[in-house]
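Notebook open, model loaded. Today I look at contacts, the core and the closed spaces inside.

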Amino acid sequence: MLNYIFFQFFLFYIKMRKKVHQNFIYLLFLFFFIILCNGQNNNSNFTTSFIMDLYDPNDNLNVRYLLEYDVQRGEYVDHYKIHNTLNIKTAIVCSEEDMNLPEDNKNTIVFWNTANYNEIYSSVIYMDAFPLWYNQQKKKGKRFCLRVEAVGWDKNVSEKINCDDPENKQLCPDLIILGTTQFSYRYYKDETLNLNKYFRNYFKKEGRSLESMLNKYAHYDYRIDNNWLAVPIISDLRALRFNKKTFDYCINKGYNLHYPPPFSDFWGSNYKETWTWEKAFEYSEIIYNCTGNPGFRIIGSKSEDTKLFIIICQSLGIPFIVEENDVKKCGFRNNPEYIKKLSIVKKLFENHYVEEWLDKSAIDKWKNSPYPKNIDEQPTFPLIDMTKNFNFMNVNGLIFDVLTTIELPDLKYCYMPGISSFLGGSGIVITKNSKFPDELFEYIEILINGKNPYLQYLNNYITPYEKVYGNLCNNELEKKSKKEYCNSFLDVEGTFPYYYVSNNKTNIIYLKHIVTNEDKQVSITDANSKFFSDVFTCGEKANYEQKTITFIDKYKLELPVKNNNTIILKSMEDIKDQTNPCNIFQESLEKAKPMQFPYNTFSEINAFELKSPISLLLAHLYYKHNETNEGTFESIINECCDIIDDTLLPRCKGYNKIKFKLGECNEQTELRNITYLNCKITDNDGLQRNIECPYISSKNIKGLFLTILSLIAIIIEIFIIIIVIKFKNEKCIMLSGFEFLLFLILSSLILDISVYFWVGSAVKYKCILKIWTMIIGITGLISSYSIKSEIIISIYNNKKLTQSNYKMRTYLLYVFIFIFQLILLTWWTFKHDGVTEKESYIKNVGSYKYNTCSIGNENILTLIFLIDYTLLVISIIMSYRGRNIPSEFNYSKKIFFTSLLTALLLSAYHLAVTNTLEKTLPYFIVLVLILVITIYINLIFIGTKLVMLFNIEDESINSLISLLPSEESKKNG
């Protein structure tokens with residue numbers, strides 16, 4: 001309707017204008033009209049009505065809110081109602097139009113937040129950002145709901161992600177809030193996305209990188225191996241406060257105390273060198289002596305003593321963590337200089353200058369139990385929850401504190417001693433299971449956009465981003481009047497130089513800051529004609545009559561002079577309203593470092609934090625164990641370092657950077673133990689504890705068996721040689737061929753000897769001789785029965801030839817082949833490398849190198865084996881040709897069967913030589929096969945002859961002989 005009226009008015013106005021201006025005015029009105037219409041259309045398309053369902057821990061609907069969204073403020077209109085809702089585990093927010101849509105028509109993002117059931121505040125902040133993202137995605141045709149689960153600080157990292165159960169979608173998160181010590185745990189389980197792509201895209205879109213926006217040490221917490229794990233959301237610092245009233249009391253009693261910086265100029269501009277932990281602990285002792293109560297307190301719910309100890313180490317120049325061979329270890333062990341520096345900690349805790357901070361029941365249980373025998377039995381001590389302690393509000397001296405909005409009587413924030421402070425925080429990760437990683441990063445961009453209020457709401461004072469301040473610091477200047485800011489600016493006692501410019505000349509004067517319980521004052525210490533030694537008080541205006549000064553701008557005061565004139569004084573000390581907590585926290589942030597500094601985060605830092613070995617160290621100093629002599633400070637530190645080393649050592653299972661070494665071969669078990677150097681093994685992790693030796697040991701059962709069996713075979717062969725030589729003139733030996741039997745037995749003997757060279761570690765002479773003996777033995781074996789077969793067949797088929805003539809020719813042929821094999825073996829030997837190094841892989845562990853015999857020149861070796869294979873084929877063919885020869889002259893069946901056995905033997909041996917096997921069992925089988933086959937071949941050709949020579953009638957022997965493939969054996973049976 002308004003558009004219509006506006007349009008009618010616009011037409012009327014055009015008609016009334018002079019024609020000369022008609023076109024211009026028309027276009028001008030049309031332009032503004034289009035903008036108005038587009039603005040109204042855009043606003044009408046922006047969804048502002050949402051429904052939020054809140055569920056209790058039993059998944060029962062607690063309350064449903066119908067909410068309107070305030071686009072300007074970036075939050076729901078009645079969001080304060082939500083903050084007051086208790087016992088909430090799950091919050092689901094959808095647009096009003098989407099809430100009742102089927103699940104197939106909308107997508108619900110599951111967000112695991114670290115809130116507990118009674119702290120819904122942070123969850124509401126994430127849900128406040130949802131409508132902006134929802135409307136952004138709606139324009140792209142996508143509809144989403146947001147489900148925020150309060151999982152707390154343990155389940156966010158330990159809860160198993162399960163995306164296979166459609167009935168429990170809450171177990172499959174898209175987004176998770178994790179602490180800086182928790183990122184790597186999920187990352188190494190391959191559950192979270194590498195965000196490098198999104199960081200690059202952000203730079204392309206915004207023209208500035210996310211890295212450049214972060215505080216300088218943030219990348220140590222949020223990156224591993226140059227991969228961004230999360231987007232920083234919350235900053236976590238530690239602060240130091242002091243009780244001004246206690247300091248005043250002790251100062252008035254004559255104790256040498258000064259307010260910590262920046263509340264006193266006693267420390268000078270180099271306060272980082274003068275306000276140290278030595279001085280802070282000295283003040284704790286002074287306050288103890290002054291008041292009779294401990295002068296130091298540690299507040300926090302988790303590992304606050306550890307954070308304090310690490311800050312002290314960093315400030316004292318003591319490395320808390322070092323890295324050796326890619327293994328992170330305790331950095332303050334076995335160094336007398338470090339022990340000496342840490343004696344300030346020993347003195348503080350041993351003398352009880354610090355209040356009790358550990359849970360008393362856990363300490364009593366530890367003291368009343370036998371001392372732990374190993375690291376696993378060492379206890380962990382929870383900290384006292386000071387907020388539940390009735391004495392919480394009464395702080396005697398200094399307090400190591402978290403950044404909190406809780407105001408404690410007479411407490412002032414001051415600078416952290418030394419050159420370091422603690423930096424932690426939380427970030428948001430995208431899981432690999434999420435179907436919408438690109439869209440979710442756009443949601444994260446809304447959260448971290450400094451123009452939106454969400455970073456400020458999530459952080460009270462300091463955010464992870466430079467020049468983006470938390471809720472209480474962001475509007476600090478706007479909330480203060482000039483008088484208030486003047487009082488804050490002057491809240492530092494001492495005399496400070498200021499300068500002003502007059503007639504193009506710079507002049508310097510000194511103002512003494514006078515700190516009172518009311519408005520702060522200054523007095524001029526170098527009065528001249530313009531300035532009198534009057535006292536000026538902070539006010540809303542600079543007035544000479546009323547003796548008031550006021551705040552003008554950062555570092556600037558307006559001072560009245562005579563004749564109602566004023567001058568602008570600028571501080572030369574650049575004190576920056578130092579006592580303002582926001583500036584104190586900013587100063588702390590500039591020197592804050594992560595726990596693991598100077599290393600990037602790693603998964604074991606979370607295990608270290610949970611084990612709390614520093615609590616145990618300090619408990620030894622403060623409480624002492626009943627049944628043990630505590631020993632020296634160094635021994636307590638070494639025990640602590642043992643636990644630190646153990647917790648920092650990653651579990652080997654799933655670790656992709658395992659380093660290990662192999663022990664020497666155990667000759668009895670034939671195993672080499674695996675020592676894992678940079679990780680620890682656990683029960684049922686499926687990782688190997690040892691591997692087989694790369695050779696058959698002579699002291700192992702397999703080596704002993706081969707040695708004994710080969711020795712028996714050699715003795716048998718020698719015995720047979722003696723018998724054959726002794727009875728060479730006997731008819732049965734002469735008919736079989738003395739030379740044939742002798743060469744056959746000698747070849748078998750050489751084969752038996754070759755087994756010896758396969759037992760024991762790889763040595764060059766063994767590597768060469770096992771090939772020589774094996775090839776000579778097999779070649780001799782094949783040649784022996786091949787010559788025999790060929791002579792018999794040739795004589796039988798061509799009776800005009802004399803046996804002696806053909807026998808000589810056959811001998812010469814095989815002698816030539818044998819000599820050629822020796823030449824090839826000699827050539828191969830000169831090309832042989834002896835022992836070579838090879839690599840093998842242990843599943844899920846890594847590769848290792850070991851020594852084994854080289855196979856030398858493969859081409860020569862292949863030719864050698866090819867000759868033997870050729871001889872075998874010829875032997876088989878000849879045995880087939882002699883099948884029709886009368887049985888009393890026929891060796892064909894024996895030779896055929898022997899050729900098959902030899903082929904098996906040669907093939908097995910060939911595979912053993914040319915293939916590297918990780919197990920020794922196949923080699924053992926091949927070697928046993930050699931010994932058995934050689935003995936069996938001898939029995940085939942010589943067994944019956946021995947029976948005839950000695951007239952053996954034993955049934956068992958005859959039964960054995962009858963199994964041999966020979967017609968002659970049947971006759972003798």
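I start with my contact rule: two residues touch when they have heavy atoms within 4.5 Å. This is a predicted model, so I keep the filters in mind: local features need pLDDT of at least 70, side-chain atom pairs count only at pLDDT 80 or more, and totals for chains, interfaces and linings use all residues. Residues are numbered from 1 along each chain as its sequence is written, and side-chain values use heavy atoms, with hydrogens and water left out.

**Entry 1: the core.** What does Leu 342 touch? I leave out residues up to four places away in sequence and get Phe 309, Cys 313, Leu 316, Ile 318, Phe 332, Phe 633 and Ile 637. Next I pulled up the largest nonpolar core (buried Ala, Val, Leu, Ile, Met, Phe, Trp, Tyr and Cys residues joined through side-chain atoms within 4.5 Å; buried is under 20% relative accessible area, exposed over 50%, partly exposed in between, with a 1.4 Å probe and protein chains only). This core has 88 residues, and Leu 342 is among those that touch the most other members, along with Trp 277, Phe 296, Phe 320, Phe 332 and Phe 349. Helix α26 (residues 633-648) gives the largest share of the core, eight residues. My helices are DSSP runs of H or I with at least four residues, my strands runs of E with at least two, numbered from the N terminus.

**Entry 2: a covered helix.** I checked α4 (residues 121-128) and found seven of its eight residues buried. They are Ser 122, Ser 123, Val 124, Ile 125, Tyr 126, Met 127 and Asp 128.

**Entry 3: cavities.** My search ran on a 1 Å grid over the protein atoms alone; a cavity is a set of points where a 1.4 Å probe fits but cannot get out, and lining residues have an atom within 4 Å of a point. Points join across faces, edges and corners, and volume is the space filled by probe spheres set on them. How many cavities of 30 Å³ or more turn up? I get six in the whole structure.

The largest holds about 70 Å³. Its lining includes Thr 180, Asn 215, Tyr 222 and Pro 464. Strand β10 gives the most to this lining, with three residues.

The second largest has a volume of about 60 Å³. I count 13 lining residues, and the closest to its centre are Ile 88, Lys 89, Ile 120, Ser 123 and Ala 150. Ser 123 I had already logged as a buried residue of α4. Strand β6 supplies the largest share of this lining, three residues.

Note on methods:
On a 1 Å grid over the protein atoms alone, a cavity is a set of points where a 1.4 Å probe fits but cannot get out, and a pocket is an open set with protein on both sides within 12 Å along at least five of seven lines; lining residues have an atom within 4 Å of a point.
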